[in-house]
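Colleague: I would like a close look at one part of this model, namely the side-chain pairs that hold charged groups together, and then at what surrounds them. Please take it in one go.

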Amino acid sequence: MSIQVDPMYDADEVEADLELIQLVTFSIGEEEFGVNILQVQEIIRTMEITKVPRAPAFVEGVINLRGKVIPIVDMRSRFGLRAKEHDKYTRIIVIEIDMIIVGFVVDAVSEVLRLPANAVQPPPPVVAGMDADYIDGVGKLDERLLILLDLNSLLDSDEKEALTGV
């Protein structure tokens with residue numbers, strides 16, 4: 001059985017229509033973000049975060065997760081937002097970046113969803129500057145806009161190196 005394609009459509013467009021990106025969505029402040037689910041190892045409730053003397057400013061501290069010491073980065077401070085007390089919705093998203101396991105504190109994890117690849121647009125020029133190198137694109141889902149993050153670019157090489165010493 002073959003699929004009939006309207007000759008007005010490009011075959012690559014049809015394939016892109018069928019391609020889905022699976023995302024974990026979360027909020028920081030008023031904004032909603034998404035990251036590729038393949039980058040996420042696990043999502044955990046907040047736990048006691050131990051402060052580390054002389055740790056880089058972007059590191060909130062470390063946690064002990066099943067015997068592994070994991071540095072924790074507060075996404076609010078990373079994005080220049082004011083600090084907020086952790087509450088029952090606060091979560092830590094544990095990911096691996098360049099062989100380093102790190103946890104990112106977010107205000108709340110929303111859901112796991114599938115987004116058609118053609119619903120993702122490049123970041124607008126306003127946010128495509130040097131400070132937004134970690135933005136992969138903007139996803140449109142109904143009336144929602146999701147800022148898609150490239151977690152590998154969220155920390156620069158010096159920051160990644162600093163994490164290994166925490």
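How many salt bridges does a search of the whole structure find, and which parts of the chain do they tie together?

Modeller: This is a predicted model, and a search of the whole structure finds 7 salt bridges. I will go through three of them and then turn to the aromatic rings.

One of them is formed by the side chains of Arg144 and Glu32, with 2.7 Å from N to O. Arg144 belongs to strand β11 (residues 144–149) and Glu32 to strand β2, so this bridge ties together parts that lie 112 residues apart in sequence. The two partners differ in exposure class: Arg144 is partly exposed because its relative accessible area is 28%, while Glu32, at 17%, counts as buried.

Another bridge joins Glu159 and Arg78, whose closest N and O atoms are 2.8 Å apart. Since Glu159 is part of helix α4 (residues 157–164) and Arg78 part of helix α2, the pair ties together parts 81 residues apart in sequence. Glu159 is buried at 14% relative accessibility; Arg78 is partly exposed at 25%. Arg78 also has an aromatic neighbour: its charged end sits over the ring of Phe58, at 5.8 Å from the ring centre.

Helix α4 takes part in a further bridge, in which the side chains of Asp98 and Lys160 meet at 2.7 Å, N to O. Asp98 is found in the loop between β6 and β7 (100–106) and Lys160 in helix α4, so parts 62 residues apart in sequence are tied together. Asp98 has a relative accessible area of 49% and is partly exposed, whereas Lys160, with 13%, is buried. Beyond single pairs, Glu32, Glu111 and Arg144 are joined into one network by salt bridges that share partners.

The backbone of Asp98 deserves a remark as well. Most residues other than glycine have a negative phi. Asp98 has a positive phi, near 45 degrees. Arg54 also has a positive phi, of about 60 degrees, and is not a glycine either. Arg54 is placed in the loop between β3 and β4 (59–65), and with 85% relative accessibility Arg54 counts as exposed.

Now the rings. The structure holds 3 aromatic pairs. In one of them, Phe33 and Phe79 have ring centres 5.3 Å apart and planes at 25 degrees; the pair is therefore stacked. Phe33 lies in strand β2 (residues 31–36) and Phe79 in the loop between α2 (75–78) and β6 (91–97), which puts the two 46 residues apart and makes this a link between distant parts of the chain. Phe33 is buried, with 7% relative accessibility.

Phe79 is also stacked with Tyr134, at 5.5 Å centre to centre and 20 degrees between the planes. This pair too links distant parts of the chain: Phe79 is in the loop between α2 and β6, Tyr134 in the loop between β9 (120–121) and β10 (135–141), and 55 residues separate them. Tyr134 is buried at 18% relative accessibility. Phe26, Phe33, Phe79 and Tyr134 together form one aromatic cluster. Strand β2 thus appears in both parts of this account, with Glu32 in a salt bridge and Phe33 in a stacked pair.

As for the chain as a whole, its secondary structure comes to 4 helices and 11 strands. Of its 166 residues, 39% count as buried. Among contacts between residues at least 6 apart in sequence, 57% join residues at least 24 apart. The accessible surface is about 10,500 Å², and 51% of this area belongs to carbon and sulfur atoms.

Last, the confidence. The mean pLDDT of the chain is 84, and 84% of the residues reach 70 or more. Strand β3 (residues 40–45) has the highest confidence, at 95, and helix α1 (residues 11–18) the lowest, at a mean of 51. Over residues 1–7 pLDDT stays under 50, and for this stretch the model has 1 contact beyond four places in sequence. Where pLDDT is low, the predicted coordinates should not be read in detail.

Terms used
Residues numbered from 1 in each chain as written. Predicted model: local features only at pLDDT ≥ 70, side-chain atom pairs only at ≥ 80, totals over all residues. Heavy atoms only, no water. pLDDT = per-residue confidence, 0-100. Contact = heavy atoms within 4.5 Å. Phe/Tyr/Trp six-rings, centres within 6.5 Å; stacked < 30°, edge-to-face > 60°. Buried < 20%, exposed > 50% of the residue type's maximum accessible area, 1.4 Å probe, protein only. Lys NZ or Arg CZ within 6 Å of the ring centre and 35° of its normal. Areas by Shrake-Rupley, 256 points an atom, 1.4 Å probe, with all protein chains shown as cover. Salt bridge = Lys/Arg side-chain N within 4 Å of Asp/Glu carboxyl O.
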